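User: I'm new to reading protein structures and could use some help. Can we go through this one step by step?

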Amino acid sequence: MKDIAADLGLSVVTISKVLRDHPDIGDETRQRVLQRVKELHYRPNVSARSLVTGRSYLIGLVVPDLLHPFFAEVAKSLARVIRMRGYSLIIASSEEDPELEEQEIEHMVARGPDGLIIAASTQSSALLQRLDEQQQAYVLIDRKFTGLSANFVGTDDIAAGDLATTHLINRGCKRIAHIRGRENSTGAKRLEGYKRALERGGLKFSDKYVILRETVDIESRLQGNSAMQRLLAIHPKPDGVFCYNDPMAIGAMEAILAAGLRIPQDIAIIGCGNLHYSDLLRVPLSSIDQQSSLIGERAGKLILSIVESKVTPRPKSVVLEPHLVERASTARAPRRAAKD
């Protein structure tokens with residue numbers, strides 16, 4: 001930094017401000033400094049900067065599965081937001097295993113990240129309470145815990161379940177099944193939305209049309225396929241299915257087609273997540289858009305506001321509204337009411 005300052009006839013303070021993207025540096029000076037930095041292949045010493053600032057400039061992300069497109073999209077937008085402020089993202093997968101999740105979080109904490117973003121697989125808040133005791137900043141995404149006051153960014157899952165099921169009802173489905181998620185906030189609330197829509201639509205809820213899956217983010221297609229096979233063995237078969245997420249819906253669609261049935265004429269199907277490839281399938285999949293990219297963006301901005309605040313702010317909850325994206329898997333004409 002001293003060499004660059006001497007070369008350009010500027011102070012070391014000015015060079016430091018440019019590298020920290022401080023707003024009170026003029027554009028011409030900023031460009032001169034950045035050009036010289038590029039010519040010299042200068043890289044700030046992160047360890048030295050951490051000793052001065054007390055920050056690691058690392059944000060950790062712990063998710064159930066790195067291959068799940070939903071979490072990949074969250075990670076992409078999260079990384080983009082924090083990168084603009086000079087932070088780097090480190091990622092770990094819990095594989096939906098609470099013990100492995102605890103180990104990964106403890107390993108991350110040992111590296112001294114400034115903040116954590118967690119899509120929790122555990123149903124216990126004990127680990128998160130320990131993070132509070134350690135004054136480790138964190139934001140929960142997608143899954144939250146009843147009774148725990150924590151920063152959260154996610155979708156209104158009751159509305160997601162209601163929206164998906166109501167859409168199937170509006171498409172004329174009378175026997176609507178639900179391949180549901182685990183006993184966590186997302187699984188329970190999407191089930192609640194499903195039940196709410198059935199009641200409002202005048203349809204009777206039946207346990208036999210609800211299949212519980214204990215893992216939903218790993219081997220999702222296999223889980224959806226096996227669950228759908230169970231539903232196809234029921235008499236009468238469902239004529240509509242709401243799946244916990246899109247990968248499970250894709251597995252369910254494979255089972256329906258393998259059985260010689262048509263989508264949506266025999267069974268209409270809708271997922272949740274609106275993955276970027278959902279419109280490229282053999283039968284394009286209707287889905288509920290959870291705004292995954294916006295979840296990552298808002299989580300990134302929230303964790304940075306916590307990390308860079310001089311006082312610990314009160315926990316904030318950001319709940320995004322889901323949206324219906326209708327495609328061919330539910331595109332059938334509503335049934336007409338029977339004439340008297």
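User: Let's begin with helix 3. Which residues of helix 3 are buried?

Analyst: Sure, and keep in mind that this is a predicted model. To count as buried, a residue needs to be under 20% relative accessible area. In helix 3, the buried residues are Arg 30, Val 33 and Val 37.

User: Within what arc do those buried residues fall, seen down the axis of helix 3?

Analyst: Picture looking straight down the axis of helix 3: its buried residues line one face of the helix. That's because they fall within an arc of 70°.

User: What do the buried residues of helix 3 pack against?

Analyst: Turn to the other side for a moment: the face away from the buried side carries the exposed residues Asp 27, Glu 28, Gln 31 and Lys 38. The buried residues, on the other hand, have packing partners, namely helix 1 (2-8) and helix 2 (12-19).

User: How far apart are the end C-alpha atoms of helix 3?

Analyst: Helix 3 covers residues 27-40, which is 14 residues. At 1.5 Å a residue, the helix should span 20 Å. The model agrees with that, because the end C-alpha atoms are apart by 20 Å.

User: Now strand 8. Which residues point the other way from Gly 240 and Phe 242?

Analyst: Here's a handy rule: in a regular strand, side chains alternate between the two faces of the sheet. Strand 8 spans residues 240-243, and all of them are buried. Gly 240 and Phe 242 point one way, and pointing the other way are Val 241 and Cys 243.

User: What is the bridge partner of Phe 242 in strand 9?

Analyst: Strand 8 pairs with strand 6 (residues 176-180) in the parallel sense over four bridges, and in that pairing Phe 242 is the partner of His 178. Strand 8 also runs parallel to strand 9 (residues 268-272), joined by three bridges. In strand 9, the bridge partner of Phe 242 is Ile 270.

User: Which helix belongs to the β-α-β unit with strand 8 and strand 9?

Analyst: The unit these elements make is right-handed. Along with strand 8 and strand 9, its helix is helix 11 (residues 246-258).

User: Last one: is His 68 buried or exposed?

Analyst: His 68 sits in the loop between strand 1 (58-63) and helix 5 (69-83). Leaving aside neighbours within four places in sequence, His 68 is in contact with Asp 217, Ser 220, Asn 245 and Pro 247. Its relative accessible area is 5%, and the cut-off is under 20%, so His 68 is buried.

Technical notes: Residues numbered from 1 in each chain as written. Predicted model: local features only at pLDDT ≥ 70, side-chain atom pairs only at ≥ 80, totals over all residues. Heavy atoms only, no water. Helix = DSSP H or I, 4+ residues; strand = E, 2+ residues; numbered from the N terminus. Buried < 20%, exposed > 50% of the residue type's maximum accessible area, 1.4 Å probe, protein only. Contact = heavy atoms within 4.5 Å. Expected span 1.5 Å × (residues − 1). Arc of directions from axis to C-beta. Pairing = 2+ DSSP bridges. Right-handed = clockwise from strand over helix to strand, strands pointing away.
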